[in-house]
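Grab a pencil and work through the exercises below with the structure open beside you. Try each task before you read its solution.

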Amino acid sequence: MKHVRVLLMGLLLLSAAAAAQVRLNKPRKFPKTIPAGNYSGITPIGEGRYAVVDDKAVGDGFSIFRLDIDSLTGKLRSAANEGFFPSGQPNRDMEGICYFPSAGTLFISGEADNEVYEYRLDGQRTGRRLAMPDCFKTARSNRGLEALTYNAQTHLFWTTSEQPLPGDTLLRLQSFGDDLLPRHQYFYRPDAPVKEQQFHGVSALCALDDGRLLVLEREIYIPKKKVGAKTYISIYAVQPSEPDAVLEKTLITAFTTRLTLTGRKYANYEGLCHPFPGILLLIADSQNRYKGVLRDWFRTIVVTAVME
């Protein structure tokens, strides 16, 4: 049985004086209008359109999806693909994506090169990139820059590696200003894995208007026979304060997806964004709909404020 843990916390989106209640909407899939993929990041770009990265796409670039989401209930009514926009460069394991509204451009993190480049909406690179500190270039293979986010109110980009860098026991949350230069670095302690030696780490960040960050921790457990595979998803909120501090984290919600003989709602959620006040949107990596079993799931989460 799917296990859902929901905790009360200080108000997520409006005020620290209120409590938050969390509702997970049922996951949705759109196999006729959304192509099979390895979707790893998503960001809203306005008017119901979202830029999405696929870490195994034919080349460097992004897709545009049009999603119809009810801004009050969070229910996802429809989804359509508007095409892939290539840069003409090789695939570099694109993992995170964010929209930079003042320039009308996108930034995409790559786990193969641990760089974050800027792209026009036609897919071409602008020639600019975040000035990434040297420490991130030491990231282990397939454990590098997975997460990326930007907030227009705080004027900050944020990124981190999927797992701690060599020699570290904590993750480094790194901020950048509108000038693309590094600002401050903070430390984040990820959860210990539920299953020893299973794949786990931070797969997404989402920056909020009040300066807080949401951190998506994701752990994958896959037995040899595949049936019984699980993903453990936890979303935390942190408030960056003093640079170089270890941030306290507050659990927003946690849930598990599972593959059974009769149930096909297993989902490796890798992307997270905040399309409307009180609404979170997740997108899953189906490994190109692996063997016809996995699905390209979307899921919305509603966070509502109740004054105490």
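One definition to start with: a residue is called buried when its relative accessible area is under 20%, exposed when that area is over 50%, and partly exposed in between. Keep in mind that you're looking at a predicted model.

**Exercise 1. Cysteines**

Task: Work out how many disulfides the structure holds, and say why Cys-98 and Cys-206 do or don't take part in one.

Solution. Start with the chemistry: a disulfide is a covalent bond between the sulfur atoms of two cysteines. To count as one here, the two sulfur atoms must lie within 2.5 Å.

Next, take Cys-98. Its closest cysteine sulfur belongs to Cys-206 and sits 11 Å away, so that pair is too far apart for a bond.

Then move on to Cys-206. For this residue the closest cysteine sulfur is in Cys-273, at 6.7 Å, and that is again too far for a bond.

The final count for the structure is zero disulfides.

While you're there, check the burial of both residues. Cys-98 has a relative accessible area of 2%, so it is buried. Cys-206 comes out at 4%, so it is buried too.

**Exercise 2. The whole chain**

Task: Describe the fold content of the protein chain and decide whether its radius of gyration agrees or disagrees with that of a compact globule.

Solution. First the secondary structure: you should find 21 strands and zero helices.

Now the overall dimensions. A compact globule of 308 residues would have a radius of gyration near 19 Å, and the protein chain has 18 Å, so the two agree. Along the principal axes, the C-alpha atoms fill a box of roughly 50 × 50 × 40 Å.

After that, look at burial and contacts. Of the 308 residues, 53% count as buried. Take the contacts with a sequence separation of 6 or more: 56% of them link residues 24 or more positions apart.

Finish with the surface and the charges. The chain exposes about 13,600 Å², with carbon and sulfur atoms supplying 52% of that area. It carries 38 positive and 33 negative side chains, and the centres of these two sets are 11 Å apart.

**Exercise 3. Two positive phi angles**

Task: Leu-180 and Lys-291 both have a positive phi. Find where each one sits and whether it is buried or exposed.

Solution. Begin with Leu-180, whose phi is near 70°, a positive value in a residue other than glycine. It belongs to the loop between strand E13 (171-176) and strand E14 (182-188). With a relative accessible area of 4%, Leu-180 is buried.

Lys-291 isn't a glycine either, and its phi is about 50°. You'll find it in the loop between strand E20 (279-284) and strand E21 (298-307). At 70% relative accessibility, Lys-291 counts as exposed.

**Exercise 4. Asp-70 and Arg-77**

Task: Place Asp-70 and Arg-77 in the chain, then find which residues each one contacts beyond four places in sequence.

Solution. Asp-70 lies in the loop between strand E5 (61-69) and strand E6 (76-86), while Arg-77 is in strand E6 itself.

Check accessibility next. Asp-70 has 19%, so it counts as buried. Arg-77, at 46%, is partly exposed.

Now the contacts. Asp-70 touches Lys-75 and Arg-77. Seen from the other side, the partners of Arg-77 are Arg-28, Phe-30, Asp-68, Ile-69 and Asp-70.

**Exercise 5. Two more loops**

Task: Do the same for Ala-229 and Pro-190, and give a C-alpha distance for each.

Solution. Ala-229 is in the loop between strand E16 (213-221) and strand E17 (230-238). Its relative accessible area is 4%, so it is buried. Among its contacts beyond four places in sequence are Tyr-221, Thr-257, Leu-259 and Tyr-266. Thr-257 is 28 residues away along the chain, with 8.3 Å between the C-alpha atoms.

Pro-190 falls in the loop between E14 and strand E15 (199-207). At 22% relative accessibility, it counts as partly exposed. Its contacts, again beyond four places in sequence, are Thr-169, Leu-171, Glu-217 and Lys-249. For the distance, use Val-215: 25 residues away in sequence and 9.5 Å from C-alpha to C-alpha.

Key
Residues are numbered from 1 along each chain as its sequence is written. This is a predicted model: local features need pLDDT of at least 70, side-chain atom pairs count only at pLDDT 80 or more; totals for chains, interfaces and linings use all residues. Side-chain values use heavy atoms; hydrogens and water are left out. Helices (H or I, at least four residues) and strands (E, at least two) are DSSP runs, numbered from the N terminus. The radius of gyration is taken over C-alpha atoms; the globule rule is 2.2 Å times the number of residues to the power 0.38. Buried means under 20% relative accessible area, exposed over 50%, partly exposed in between (1.4 Å probe, protein chains only). Contact means heavy atoms within 4.5 Å. Accessible areas come from the Shrake-Rupley method with a 1.4 Å probe; for residues, only the protein chains shown count as cover. Lys and Arg count as positive and Asp and Glu as negative; His and the chain ends are not counted. The place of a charge is taken as NZ of Lys, CZ of Arg, CG of Asp or CD of Glu.
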